[in-house]
Amino acid sequence: MSARRVVVLHGPNLNLLGRREPEIYGTTTLADIDRALADRARTLGATVECAQHNGEGALVDAIQATMGTDVFGLVINPGGYTHTSVAIRDALVATGLPVVEVHLSNVYAREAFRHRSLIADVVKARVMGFGARGYLLGLEGLLAPDGV
Ligand code: DQA
């Protein structure tokens, strides 16, 4: 069986991880996260293709690019667009692929405007509050067979 391909998308400002509000987002950098994801994917018989975009349109393009391919599913942290982007929601739905929504912070323990996610009801699962580790948990959940 060929390795399952997972696309991991990081939204705006996540390129600043490690330097950005470390008391909220931790000190792990995006490069650290992407490296850990690649390592974990390998142990799970998968590969990850990680990308970060600050622009909403670039994220929509990256989501659309999975259509008509053999991509297995997506892990996405849309950053601030989580709370605003109908376009990202629509693109995710269009793919028909399983999606895991990841947030480093527990958005419900923060400002009220972060409590609304426009993708929460169209994703397979959501992981938040575990910091950088949440990406690995999301990847594992996406790739896991049913059952315990
Ligand atoms: C975030 C939470 C968002 O509210 C925020 O805008 C981010 C990061 C998180 O990973 O905790 O950029 O998605």
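This report walks through a predicted model, starting with its sheet and ending with two residues in a loop.

## The sheet as a whole

Let's begin with the strands. The model is predicted, and it contains an open sheet of five strands in the order β2-β1-β3-β4-β5, with parallel pairing. Try finding β2 (46–52) and β5 (125–128) in the structure: these two stand at the edges, and each has a single partner strand, so one side of each is left without a neighbour in the sheet. Ignoring direction, neighbouring strands of this sheet are turned by 20 degrees against each other on average.

A helix also packs on this sheet. Helix α2 (residues 30–43) touches β1 and β2, and its direction makes about 165 degrees with that of β2.

## Strand β3 and its partners

Now let's look at β3, which spans residues 71–77. Is this strand enclosed or open to the outside? Six of its seven residues are buried, so β3 is largely enclosed by the rest of the structure.

β3 has a partner in strand β1 (residues 4–10), and the two pair in the parallel sense over six bridges. To see how they line up, look for arginine 5, which stands opposite valine 71 in β3. β3 also runs parallel to strand β4 (residues 99–103), and three bridges join these two. You can follow this pairing residue by residue. Leucine 74 stands opposite valine 99 in β4, valine 75 stands opposite valine 100, and isoleucine 76 stands opposite glutamate 101.

## Strand β4, covered on both faces

How many of the five residues of β4 are buried? The count is five of the five, so β4 is largely enclosed by the rest of the structure. It helps to know that in a regular strand the side chains alternate between the two faces of the sheet. In β4, Val99, Glu101 and His103 are on one side, while Val100 and Val102 are on the other. These residues are all buried, and both faces of β4 are covered.

β4 pairs with β5 as well, in the parallel sense and over four bridges. Here histidine 103 stands opposite methionine 128 in β5.

## A closer look at valine 100

Valine 100 is found in strand β4, and with a relative accessibility of 2% this residue counts as buried. The cut-off for buried is under 20% relative accessible area.

Which residues does valine 100 touch, leaving aside its neighbours within four places in sequence? Valine 100 is in contact with Leu74, Val75, Ile76, Ala125, Val127, Gly138 and Leu142. Glycine 138 is a nice one to check in the structure: it lies 38 residues from valine 100 along the chain, and the C-alpha atoms of the two are separated by 6.0 Å.

## Helix α4 and its neighbour α3

Between β3 and β4, follow helix α4 (residues 86–95): together, β3, α4 and β4 make a right-handed β-α-β unit. A helix can be compared with another helix, too. Two packed helices are described by the angle between their axes and the distance between the axes. For helix α3 (residues 56–64) and α4, the axes come within 9 Å and cross at roughly 5 degrees. Angles under 35 degrees count as roughly parallel, and α3 and α4 are therefore roughly parallel to each other.

What makes the contact? From α3 come Glu56, Leu59, Val60 and Ile63, and from α4 come Ala87, Ile88, Ala91, Leu92 and Thr95. The residues of this contact of α3 with α4 divide into seven nonpolar, one polar and one charged.

Alanine 94 is another residue found in helix α4. Alanine 94 is partly exposed, with a relative accessible area of 44%. Its C-alpha atom is separated by 22 Å from that of valine 127, and these two residues are 33 residues apart along the chain.

## Two residues with positive phi

Finally, visit the loop between β1 and α1 (22–25), where asparagine 13 lies. Asparagine 13 has a positive phi of about 75 degrees, although it is not a glycine. This residue is partly exposed, with a relative accessible area of 36%.

Glutamate 21 lies in the loop between β1 and α1. Its phi is near 35 degrees, a positive value in a residue other than glycine. Glutamate 21 is partly exposed, with a relative accessible area of 36%.

Key
Residues are numbered from 1 along each chain as its sequence is written. This is a predicted model: local features need pLDDT of at least 70, side-chain atom pairs count only at pLDDT 80 or more; totals for chains, interfaces and linings use all residues. Side-chain values use heavy atoms; hydrogens and water are left out. Buried means under 20% relative accessible area, exposed over 50%, partly exposed in between (1.4 Å probe, protein chains only). Two strands pair if DSSP finds at least two bridges between them. A crossover is right-handed if, with the strands pointing away from the viewer, the path from the first strand over the helix to the second runs clockwise. Axes are lines fitted to C-alpha atoms, for helices over the stretch in contact, and angles run from 0 to 180 degrees between N-to-C directions. Angles under 35 degrees count as roughly parallel, over 145 as roughly antiparallel, 65 to 115 as roughly perpendicular and the rest as oblique. Contact means heavy atoms within 4.5 Å. Ala, Val, Leu, Ile, Met, Phe, Trp, Tyr, Cys and Pro count as nonpolar, Asp, Glu, Lys and Arg as charged, and the others, Gly among them, as polar.
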